[in-house]
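This briefing introduces selected features of one protein model. Please consult the sequence and the structure shown below while reading.

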Amino acid sequence: MVDPSAPEAAPRRISRRATGGDAVFVNVVRTIGASVLVITGGVGVFLAWQAVPTIHRYGLGFFTGERWEPDQDVIGIAGVLVGTVSIALVAMTFAFPLSLLTALYISEYAPARIKGLLVSMVDLMAAIPSIVWGLWGFFLIMPHASALAYWLQRHFGWVPFFQVRNTDPHSPVWDSTRYVSSAFCAGIAVAMMVLPMGCAVMRQVFSQTPPGEREAALALGATKWGVIRSVVLPFGRGGIIGGTMLGLGRALGETIAVVLIISPAFQVKWNILEIGANSVSALIAIQFGDASPSQLSALLAAGFVLFMITLAVNTLAAVVVNRSRSGADADA
């Protein structure tokens, strides 16, 4: 029998507000995230502020000019921007297939007993200093890359990118000095530096493929490659694109390895096999020590342009990963 004097039952109010340890964790993570945004924004604001005198003095000519002659009061970054893009595209041409195939092998084909070792070895590549990669590219890769560049010009010289001006590809004796210290050689070294990043993202996304879809494809008679082609690759499409673009952002800003390999050239040149190239980051590293205040402003203006390009590429990569089906499960 219900007591009429008892208080009426009411639903318990559930609060979504974090308390105790959860509140501490939320506030700490929120503070760290906000500090990253503040630091990144501060870097952008500083570079933009330092670039104002250069933009005011040279105007659009700063972006369209090829020559970098501060003593003659002629400064332009069109040549180094083209060199930056050329080196990055060469790097991704080599890094993308290697990253994709390595990630597929580790996640789908590698025996369990060596999978951890392979993951550690790929991650270890990301820990190697860039100067070591630069020395590796200069002393070991460049002689072989020059031979490959000569072969490409000889067989595919009709493609504008593979032309090397003022050379005869069919000469019985070829001049190897015309094919070294190029965007092609630098791009190969940079490719090995961005490979671990792309491979890590792709491998993690592939590992999140739903087992039910794998088993369904196998039950329908699909082969191992059939499962990869029809289930794994479609599921990881966003991760493949995102990992590639993150690697591209890294390739655009690589410095020391490029400085050690290239022969600086200030001209708009899409001939990637030909000696002479430059990039924005290499320009800053080479010129920074001896720069006057006006030259320093120009270097920081070039750095601001590179900052905005890299920020745009990385932001687009994050959007692609977050909006994809795979990115929702592998956003780490």
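**Briefing on selected features**

Asp-73 is partly exposed, because its relative accessible area of 36% falls between the limits for buried, under 20%, and exposed, over 50%. The model discussed here is a predicted one. The points below treat two loops, a bent helix and a pocket in turn.

**The loop that holds Asp-73**

- Asp-73 is placed in the loop between β1 (68–69) and β2 (74–75).
- Its phi angle is positive, at about 60°, although Asp-73 is not a glycine.

**The loop between α5 and α6**

- Ser-181 belongs to the loop between α5 and α6, and Ser-182 also lies in the loop between these helices.
- Ser-181 is a residue other than glycine, yet its phi has a positive value near 50°.
- Ser-181 counts as buried because its relative accessibility of 12% is under 20%.
- Ser-182 is likewise buried, with a relative accessible area of 0%.
- Neighbours within four places in sequence being left aside, Ser-182 is in contact with Ile-262, Ile-272, Leu-273, Glu-274, Ile-275, Gly-276 and Ala-277.

**Helix α5 and its kink**

- Helix α5 covers residues 130–156 and has 27 residues.
- The C-alpha atoms at its two ends are only 32 Å apart, whereas a straight helix would reach 39 Å at 1.5 Å a residue.
- Where does the kink in α5 lie? The kink, of about 55°, is at Ile-141, shortly before the proline Pro-143.
- Ile-141 is also one of the buried residues of α5; others among them are Trp-133, Gly-134, Gly-137, Met-142 and Ala-145.
- Further along the helix, the buried residues include Ser-146, Ala-149, Tyr-150, Leu-152 and Gln-153.
- An α-helix has 3.6 residues a turn, so residues three or four places apart point the same way.
- The buried residues of α5 pack against three helices, namely α4 (112–127), α6 (183–207) and α10 (256–261).

**The largest pocket**

- The volume of the largest pocket is about 230 Å³.
- Which helix gives the most to the lining of this pocket? It is helix α3 (residues 78–109), with 5 residues.
- The lining includes Ser-86, Leu-89, Val-90, Thr-93 and Phe-94, as well as Leu-152, Phe-161, Phe-162, Phe-184, Trp-270 and Ile-272.
- By type, the lining residues comprise 9 nonpolar, 2 polar and no charged.
- Leu-152 appears in two of these topics, as a buried residue of α5 and as part of the pocket lining.
- Ile-272 likewise lines the pocket and is in contact with Ser-182.

Note on methods:
Residues are numbered from 1 along each chain as its sequence is written. This is a predicted model: local features need pLDDT of at least 70, side-chain atom pairs count only at pLDDT 80 or more; totals for chains, interfaces and linings use all residues. Side-chain values use heavy atoms; hydrogens and water are left out. On a 1 Å grid over the protein atoms alone, a cavity is a set of points where a 1.4 Å probe fits but cannot get out, and a pocket is an open set with protein on both sides within 12 Å along at least five of seven lines; lining residues have an atom within 4 Å of a point. Grid points are joined across faces, edges and corners, and a volume is the space filled by probe spheres set on the points. Helices (H or I, at least four residues) and strands (E, at least two) are DSSP runs, numbered from the N terminus. Ala, Val, Leu, Ile, Met, Phe, Trp, Tyr, Cys and Pro count as nonpolar, Asp, Glu, Lys and Arg as charged, and the others, Gly among them, as polar. The expected span of a helix is 1.5 Å times one less than its number of residues. The bend at a residue is the angle between axes fitted to the seven residues ending there and the seven starting there. Buried means under 20% relative accessible area, exposed over 50%, partly exposed in between (1.4 Å probe, protein chains only). Contact means heavy atoms within 4.5 Å.
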